[in-house]
Amino acid sequence: MVTAILKFEIRNTFAEWEQAFYSHQPIARAAGMFEIYHGHAPDDEKKVCVVLNALSPEHMQKFIEANGAKMADSGHILETTVSEIYVN
C-alpha cells in the first residue's frame, strides 16, 4: 500500500470538479484507490490537492491510463499534476 499526494489545477469550479470526483469514487475503489482527503488552496479554488491510498503506484498508473479522459472531463488539467508517493 502506498499513500499519494496529488496536486493539480482544475479549469472549472471546485464544486463542479468535486461532484465529478465523487461520482467516480466507486470506479477508483474498484481499482484499489481509496481517497483520504481532498480540498483546494485557501486563496485559489482551482488549485486542488487529493490524498489517497493505493495498492501500488502501478495501480494508480493503470487507473489514470484507463480513466484519463473522464478525469479531464471532470475539469482536472492532467498536465499540471504533481504526484508524491510515500510508503510505510
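This is a chat about the fold, the core and one residue of a predicted model.

Colleague: I'm new to this one. How many helices and strands does the protein chain have?

Modeller: The chain has three helices and four strands. Keep in mind that we're looking at a predicted model.

Colleague: And what pattern do they follow along the sequence?

Modeller: Reading along the sequence, you get β-α-α-β-β-α-β.

Colleague: How does the radius of gyration fit with a compact globule?

Modeller: It agrees: a compact globule of 88 residues would come out near 12 Å, and the protein chain has 12 Å. Along the principal axes, the C-alpha atoms fill a box of roughly 30 × 25 × 20 Å.

Colleague: What share of the residues counts as buried?

Modeller: That's 36% of the 88 residues. As for the accessible surface, it comes to about 5400 Å², and carbon and sulfur atoms account for 57% of that.

Colleague: Let's go inside, then. Which residues have the most contacts within the largest nonpolar core?

Modeller: W17, V50 and L52 do, in a core of 17 residues. Two or more core residues come from each of strand 1 (2-10), helix 1 (14-23), strand 3 (44-54) and helix 3 (57-73).

Colleague: Which element gives the largest share?

Modeller: Strand 1, with five residues.

Colleague: Back to W17 for a second. What does it touch?

Modeller: Leaving out residues up to four places away in sequence, W17 touches F8, I10, N12, H38, V48, V50, S74 and H76. One of those, V50, is also among the residues with the most contacts inside the core.

Colleague: What about contacts across the whole chain, how many link residues 24 or more positions apart?

Modeller: Among contacts with a separation of 6 or more, 72% are between residues 24 or more positions apart.

Colleague: I've also got my eye on M33. Where is it, and is it buried or exposed?

Modeller: M33 is in strand 2, which covers residues 33-41. It counts as buried because its relative accessible area is 8%, and the cut-off for buried is under 20%.

Colleague: What is M33 in contact with?

Modeller: Setting aside neighbours within four places in sequence, M33 is in contact with A28, L52, N53, A54, H59, M60 and F63. M33 and L55 are 22 residues apart in sequence, with 6.8 Å from C-alpha to C-alpha.

Colleague: Last topic, charges. How many positive and negative ones are there?

Modeller: There are 7 positive and 12 negative charges, and their mean positions are 4 Å apart.

Key
Residues are numbered from 1 along each chain as its sequence is written. This is a predicted model: local features need pLDDT of at least 70, side-chain atom pairs count only at pLDDT 80 or more; totals for chains, interfaces and linings use all residues. Side-chain values use heavy atoms; hydrogens and water are left out. A nonpolar core is a set of buried Ala, Val, Leu, Ile, Met, Phe, Trp, Tyr and Cys residues joined through side-chain atoms within 4.5 Å. Buried means under 20% relative accessible area, exposed over 50%, partly exposed in between (1.4 Å probe, protein chains only). Contact means heavy atoms within 4.5 Å. The radius of gyration is taken over C-alpha atoms; the globule rule is 2.2 Å times the number of residues to the power 0.38. Accessible areas come from the Shrake-Rupley method with a 1.4 Å probe; for residues, only the protein chains shown count as cover. Lys and Arg count as positive and Asp and Glu as negative; His and the chain ends are not counted. The place of a charge is taken as NZ of Lys, CZ of Arg, CG of Asp or CD of Glu.
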